[in-house]
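Trainee: I should like to learn how to read a ligand site and the sheet beside it. May we begin with the ligand?

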Amino acid sequence: MTTITFITGANKGLGYETARRLTELGHTVILGARDPERGAAAATRLGVRFVPIDVTDDASVARAAADVEAHEGRVDTLVNNAGITGRHAGAGDLDGDDARAVFDTNVFSVVRVTHAFLPLLGKSDSPAVINVSSGLGSFTLTHDPGRVESTITAPLYPASKAAVTMLTMQYAKALPGIRFNAADPGYTATDLNAHRGSQTVTEGTDAIVALATEPAEAGTGRFVDRFGPVPW
Ligand SMILES: NC(=O)c1ccc[n+]([C@@H]2O[C@H](COP(=O)([O-])OP(=O)(O)OC[C@H]3O[C@@H](n4cnc5c(N)ncnc54)[C@H](OP(=O)(O)O)[C@@H]3O)[C@@H](O)[C@H]2O)c1
């Protein structure tokens, strides 16, 4: 039986590459994206189905879940990938609206989308949720002078990713019937960082693809990158 995989923010970057690779590996990929034109164009390129979803909008997320319910009837793997860095500004200039925007897209969306898709995951024999976090959300890596994560100071995005990792661990403990794991793509050239990242998108999706294709026994509540476990 095919694995049905829903990916948010999949019109470009790591989400698109995940959609491309998992389609190649035989998954039935549903490409989620907020912009109808960009989403449809990306889905057409991959020969997969496009479902509109703005992860910050309750009604849009509910419509996406209803659409998948009507068409595919279940989801085996949900990839919460959509994310933003937020406005580039000094720490002292950041305000509540900046924080709300970053946390809404990166963190609250994980709760919003997971909540809406739980009934669809419940229809899977082997349900899994992959949350795309970041090494920038790791307390250990952001304090390790040998790591690029320690050289970046940007209060909101790293804090949001620390929250994504913790949410993943808490869901894993609360819902043992579903595997919840967090992936750190590593510093990857995408629009998110004006293509300054040192990895290709293929390298950047290794951890996500590994989590999406591993056997259920691999476990839940883990935080991994393409080389293995990531320290909290
Ligand atoms: N690149 C890296 O080095 C790196 C490292 C660690 C973690 N990550 C994480 O990897 C994930 C993907 O990032 P990326 O590097 O591929 O960045 P990207 O190329 O900028 O792609 C981000 C995707 O998220 C979508 N998105 C943003 N807000 C959305 C919303 N409200 N609703 C639905 N989709 C939304 C974007 O859609 P639009 O095209 O419509 O804007 C786009 O498809 C993010 O969670 C990011 O934090 C990236």
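Mentor: Of the 29 residues around the ligand, N11, R34, N81, Y157 and T190 come nearest; a residue counts as near if one of its heavy atoms lies within 4 Å. This is a predicted model, in which local features need pLDDT of at least 70 and side-chain atom pairs pLDDT 80 or more, while totals for chains, interfaces and linings use all residues. Residues are numbered from 1 along each chain as its sequence is written, and side-chain values use heavy atoms, without hydrogens and water.

Trainee: Which polar contacts does an oxygen atom of the ligand make?

Mentor: A polar contact is a pair of N or O atoms within 3.5 Å. Here a ligand oxygen is 2.7 Å from a side-chain N or O atom of N11, and one is 2.7 Å from a polar backbone atom of L14. For the side chain of N193 the distance is 3.2 Å. The ligand taken alone exposes 900 Å², of which the protein buries 95% (Shrake-Rupley method, 1.4 Å probe).

Trainee: Which helices supply at least two residues of the shell?

Mentor: Helices are DSSP runs of H or I with at least four residues, and strands are runs of E with at least two. Here α1 (13–24) and α5 (156–174) each do so.

Trainee: What is the order of the strands in the sheet?

Mentor: Strands pair if DSSP finds at least two bridges between them. This open sheet of 8 strands runs β3-β2-β1-β4-β5-β6-β7-β8, with mixed pairing. Its edge strands, β3 (49–52) and β8 (228–229), each pair on one side only. Strands β1 (4–7) and β4 (77–80) run parallel, joined by 3 bridges.

Methods: Polar contact = N/O pair within 3.5 Å; in protein donor to acceptor, adjacent residues only side chain to side chain.
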